Amino acid sequence: MDLKQQPRLAAAWPWISTLARLGLAAVFLIAGGLKVTDLAASARAVNAYDLMSYDTAKVIGAVQPFLEIALGLLLLIGIATRLSAAIAAVVLVIFIAGIISAWSRGLQIDCGCFSKGGELTGGRTAQYGLDILRDVGFLALAGILLWKPRTRFSLDGLLMGDR
Amino acid sequence: MSKGNRGRDRTAVKRIVEQQKAAERRRRVTIWTSVGVVAVLLIAGLIGWGVLANQDSDSSQASTPSVAVDDGTAFAVGSGPVTVDIYEDFMCPICHEFENQTGPAIAQLVTDKKVTVRYHPVSILDRASNGTKYSTRSAGAAAAAAVDGKFIEYHQVLFDNQPEEGSDGLDNAKLIELGKSVGLGDSFAQAVDGKTYDSWATKATETFASRGYSGTPTIVVNGKQVTGPNGTLPTTEVFTQAVTAAAG
């Protein structure tokens, strides 16, 4: 077992997971917070992917920032960490798929990941590769939590009576 | 010996019972926190939906400027056979660049009665004016200018006095002052101060998005979007060629 071979690493895991949890919480809180103040812009960002009708994009664009903030808060307090991380991972996979789809269709758009996004005009070029790389990094954080969901300073720990 | 054994057994049993209790507790906590997480996300989604529905009912009460054409989203200049739609945000520097670069050629085409230009003010850059929503206010002011018959003049002074992205934009007093400089009067000032056409601007921007456009300037000649290579701003030459081709 890991426990016997690497007791130090075993002791470090809850701390590593805590960092992953708080990092992922920050990612979702910032991403949602930047979008929630202008839902029409968020709808246009979704619409720019050209994957659905504008009316659908409008609903997704309005609901998404609230979901991101809620997910960020859930991760921040550390409740049902494994489930929250799984939902975060699913959401990130959808985002990555969206960016790949825009890239493969040659669309010139801002991914709208940490902004209201939209079509790029005049000289700015899309940085799909970097966007995907960053989202894969976030996915790795979610992966750590799925694998080792026990973290410090979490509601889970409190409720389950961990120290 | 046997006594000690029994004691050990008892501790072992106790430990197993405690472990089972702890496992049971973990399971209960996992179930209930999972239910909590799903509930919170559902509520968050519903809040988003509710806010959207609320905003929609606001923009459905928008008063459409009497002179607006194309489903009440644009102001027409000229009377030529080729229709040119230009979607612009008064905060957008590239729109300003396009006006400087191609504006004179467009004015000539209008004078020669070759094109009808439909200007669509849209507000996609409200985030770039520190919360003062300059894009919406300036688009609303442009609509007020159009109602009083001075759209193209006001359109020009707005671009000539374009504020920088990230600034507060021009305040309403300045918007009114610019209107006076092109001969607009009290009814214009009242419309700007009373935000008469601000919700119209929001609605026009939605129409713009629902047509599948997302950036400004978007230039459309007889229903076909005109861009330079890789979606860049078209040069005046590319633009006039598109007009000539459309005229047949």
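I take contact to mean heavy atoms within 4.5 Å, and I note at the outset that the model I am reading is predicted.

**Entry: B:Asp56**

With that cut-off I looked up the neighbours of B:Asp56 and, not counting residues up to four places away in sequence, found that it touches A:Lys58 and B:Glu206. I placed B:Asp56 in helix α1 of chain B, which covers residues 2-59. I then asked how exposed B:Asp56 is, and with a relative accessibility of 28% it counts as partly exposed, because the partly exposed class lies between under 20% for buried and over 50% for exposed. I also checked B:Asp56 against B:Val40, and the two C-alpha atoms are 24 Å apart in space, with the two positions 16 residues apart in sequence.

**Entry: A:Ala43**

A:Lys58 came up again when I turned to A:Ala43, whose contacts, leaving aside neighbours within four places in sequence, are A:Ala57, A:Lys58 and A:Gly61. A:Ala43 belongs to helix α3 of chain A, and with a relative accessible area of 1% I recorded it as buried, since the limit for buried is under 20%. For a distance across the chain I took A:Ala43 and A:Ala126, which are 83 residues apart in sequence and 19 Å apart in space, C-alpha to C-alpha.

**Entry: chain A as a whole**

I counted seven helices and two strands in the secondary structure of chain A, and read along the sequence their pattern is α-α-α-α-α-β-β-α-α. Chain A has 163 residues, of which 46% count as buried. I also looked up the contacts in chain A between residues at least 6 apart in sequence, and 74% of these join residues at least 24 apart.

**Entry: aromatic rings**

How many aromatic pairs does a search of the whole structure find? I noted twelve over all chains. One of the pairs I looked at is B:Tyr87 with B:Phe208, whose ring centres are 5.3 Å apart and whose planes stand at 45 degrees, so I entered the pair as tilted. This pair links distant parts of the chain, as B:Tyr87 is in strand β2 (residues 82-88) of chain B and B:Phe208 in helix α7 (residues 198-210) of chain B, 121 residues apart. I found both B:Tyr87 and B:Phe208 buried.

Next I took B:Phe90 and B:Phe159, where the ring centres are 5.3 Å apart and the planes are at 50 degrees, so this pair is tilted as well. B:Phe90 lies in the loop between β2 and α2 (93-111) of chain B, while B:Phe159 lies in helix α4 (residues 151-160) of chain B, so the pair ties together parts that are 69 residues apart in sequence. Both B:Phe90 and B:Phe159 are buried. I also noted a cluster, in which ring pairs link B:Phe75, B:Tyr119, B:Phe151 and B:Trp200.

In chain A I looked up a charge over a ring, and found the charged end of A:Lys148 over the ring of A:Trp147, 5.0 Å from its centre.

**Entry: the second largest cavity**

I noted two cavities of 30 Å³ or more, and I followed up the second largest, which holds about 30 Å³ of space. Which residues line the second largest cavity? I listed B:Arg137, B:Gly140, B:Ala141, B:Asn172, B:Ala191, B:Val192, B:Lys195 and B:Asp198. By class, this lining has three nonpolar, two polar and three charged residues. Helices α3 (134-147) and α6 (186-193) of chain B each supply at least two residues of it, and α3(B) gives the most, with three.

**Entry: backbone details**

Most residues other than glycine have a negative phi, and most peptide bonds are trans, so I looked up the departures. A cis peptide bond joins B:Thr216 and B:Pro217, with omega about -5 degrees, and B:Pro217 is in the loop between α7 and β4 (218-221) of chain B.

A:Asp50 has a positive phi, near 60 degrees, and is found in the loop between α3 (39-48) and α4 (54-77) of chain A. Its relative accessible area is 53%, so I recorded A:Asp50 as exposed.

B:Lys133 also has a positive phi, near 50 degrees, and sits in the loop between β3 (115-121) and α3 of chain B. With a relative accessible area of 48%, B:Lys133 is partly exposed, because exposed requires over 50%.

Technical notes
Residues numbered from 1 in each chain as written. Chains lettered and ligands numbered in written order. Predicted model: local features only at pLDDT ≥ 70, side-chain atom pairs only at ≥ 80, totals over all residues. Heavy atoms only, no water. Helix = DSSP H or I, 4+ residues; strand = E, 2+ residues; numbered from the N terminus. Buried < 20%, exposed > 50% of the residue type's maximum accessible area, 1.4 Å probe, protein only. Phe/Tyr/Trp six-rings, centres within 6.5 Å; stacked < 30°, edge-to-face > 60°. Lys NZ or Arg CZ within 6 Å of the ring centre and 35° of its normal. 1 Å grid on protein atoms, 1.4 Å probe; cavity = no way out; pocket = protein on both sides within 12 Å on 5 of 7 lines; lining within 4 Å. Points joined across faces, edges and corners; volume = space filled by probe spheres on them. Nonpolar A, V, L, I, M, F, W, Y, C, P; charged D, E, K, R; others polar.
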